[in-house]
Amino acid sequence: MEKNLEFPELLRLIDERSTAFRAAVAAAPSLDAQVPTCPEWTLFDLAKHLGGGDRFWAAIVGAGPADGPPAGAAAARAALEVPRERESLLAWLAASTELLLSALREAGPDAGCWAWWSALQTPRTSGGVARHRVQESAVHTYDAQLAGGAPQPLPSEVALDGVEEFLFTCVATPSAWPHKPTTFDFHAAEGRSWRLTVDGDGARSTRVPAPTGASSEVSDAAAVSIHGTAGELVIYLYDRIPAESLRLDGDAGLLDLLRAWEPED
């Protein structure tokens, strides 16, 4: 079974995706360009969000174990002053990423820190933060490229880790599923698959064997199966494309229930 990305690889990918984000900002016709996948934001707003997030998580990692984000970090994020001149903005973005990477390097992968997600499948550690920031950087790079009219597929290693990271971080919860217990399968064309189970004990995911043979079915079929490239699955999970953009087998209405679910934890 394929291993998760190691901590140094996560740091490299944060740097790479952040560099790609800055390239998209630099190439865009205007910082006032609307971001189609974030309808209320301009490209400038998106840059402020990503750079502010880097600084916010750098402060969280640096603070160590806590019951909530440092008050100073939350206040600083709310009061961000971001340069509007493009070259200055690019420099601010680069500095923001370096603050995050420096904090992660100093902490190492296993240092505890506050995080908003359930610890059910993703640890509340600097390693968990690094894995999630790869995806934040990757998806927002896609957003920025789309705003500039030149979207690119997510890199394969980012996308393959991203499906699992989303399921383990954004979906996993001990809160009870309020509907009939069911399962969702996510099949990446690159040959990796995951099953999400939701029931009275909450939501948790595991890797499962990829479908083989002409039928493309697993022996124990899920209630609904979603097929696409790993990159397509990630941008679907982040609500950038509709489910209809992918191949669906089974009860597609269950995806609407999953999207609408707001667990208490």
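Which residues does Asn 4 touch, not counting residues up to four places away in sequence? In this predicted model, the partners of Asn 4 are Arg 131, Asp 161, Glu 164 and Arg 207. The chain holds eight helices and five strands, and 51% of its 265 residues count as buried. The points below treat the overall fold, the nonpolar cores, two of the helices, selected polar residues and the cysteines.

**Overall fold**

- Along the sequence, the elements occur in the pattern α-α-α-α-α-α-β-β-β-β-α-β-α.
- The chain has a radius of gyration of 19 Å, close to the 18 Å that the globule rule gives for 265 residues, so it is as compact as a globular protein of that length.
- Taken along the principal axes, the box filled by the C-alpha atoms is roughly 55 × 40 × 30 Å.
- Of the contacts between residues at least 6 apart in sequence, 68% join residues at least 24 apart.

**Nonpolar cores**

- In soluble globular proteins, nonpolar side chains tend to be buried together.
- The largest nonpolar core has 58 residues, and those that touch the most other members are Trp 57, Leu 104, Val 163, Phe 184, Phe 186 and Leu 196.
- Helix H6 (residues 156-171) supplies the largest share of this core, with eight residues.
- Another core, of 20 residues, lies apart from it and includes Cys 38, Phe 44, Ala 47 and Leu 93.
- Beyond its neighbours within four places in sequence, Leu 196 is in contact with Leu 167, Val 171, Thr 182, Thr 183, Phe 184, Phe 186, Ala 203, Arg 204, Ser 205 and Leu 258.

**Helix H4**

- Helix H4 covers residues 86-107; at 1.5 Å a residue, these 22 residues should span 32 Å, and the end C-alpha atoms are indeed 32 Å apart, which agrees.
- At the N-terminal end, Glu 85 acts as a cap, with a side-chain oxygen 3.1 Å from the backbone nitrogen of Glu 87.
- The buried residues in H4 are Leu 89, Leu 90, Trp 92, Leu 93, Ser 96, Thr 97, Leu 100, Leu 101, Ala 103 and Leu 104.
- Helix H1 (7-27), helix H2 (43-63) and helix H5 (126-147) are among the elements that cover these buried residues.
- Ala 94 also belongs to H4, but Ala 94 is partly exposed, with a relative accessible area of 30%.
- A distance of 14 Å separates the C-alpha atoms of Ala 94 and Arg 12, which are 82 residues apart along the chain.
- Gly 108, just after H4, adopts a positive phi of about 80°.

**Helix H2**

- The 21 residues of H2 should span 30 Å at 1.5 Å a residue, and this agrees with the 30 Å between its end C-alpha atoms.
- Gly 64 follows H2 and has a positive phi, near 75°.

**Asn 4 and its partner Arg 131**

- Asn 4 is placed in the segment before H1 and is partly exposed, with a relative accessible area of 35%.
- Although Asn 4 and Asp 161 are 157 residues apart along the chain, their C-alpha atoms are separated by 7.0 Å.
- A polar contact of 2.9 Å joins the side chains of Asn 4 and Arg 207.
- Arg 131 lies in helix H5 and is buried, because its relative accessible area of 12% is under the 20% cut-off.
- Leaving out residues up to four places away in sequence, Arg 131 touches Asn 4, Leu 10, Asp 161, Glu 164, Glu 165 and Phe 168.

**Arg 195**

- Arg 195 is located in strand S2 (residues 192-199), where it is buried, with a relative accessible area of 13%.
- The side chain of Arg 195 makes a polar contact of 2.7 Å with the side chain of Asp 185.

**Cysteines**

- The structure contains zero disulfides.
- For the sulfur of Cys 38, the closest cysteine sulfur is that of Cys 170, at 14 Å, too far for a bond, because a disulfide requires sulfur atoms within 2.5 Å.
- Cys 38 counts as buried at 10% relative accessibility, whereas Cys 170 is partly exposed, with a relative accessible area of 31%.

Conventions:
Residues are numbered from 1 along each chain as its sequence is written. This is a predicted model: local features need pLDDT of at least 70, side-chain atom pairs count only at pLDDT 80 or more; totals for chains, interfaces and linings use all residues. Side-chain values use heavy atoms; hydrogens and water are left out. Helices (H or I, at least four residues) and strands (E, at least two) are DSSP runs, numbered from the N terminus. The expected span of a helix is 1.5 Å times one less than its number of residues. Buried means under 20% relative accessible area, exposed over 50%, partly exposed in between (1.4 Å probe, protein chains only). Contact means heavy atoms within 4.5 Å. A polar contact is a pair of N or O atoms within 3.5 Å; within protein, one must be able to donate a hydrogen and the other to accept it, and residues adjacent in sequence count only if both atoms are side-chain atoms. A nonpolar core is a set of buried Ala, Val, Leu, Ile, Met, Phe, Trp, Tyr and Cys residues joined through side-chain atoms within 4.5 Å. The radius of gyration is taken over C-alpha atoms; the globule rule is 2.2 Å times the number of residues to the power 0.38.
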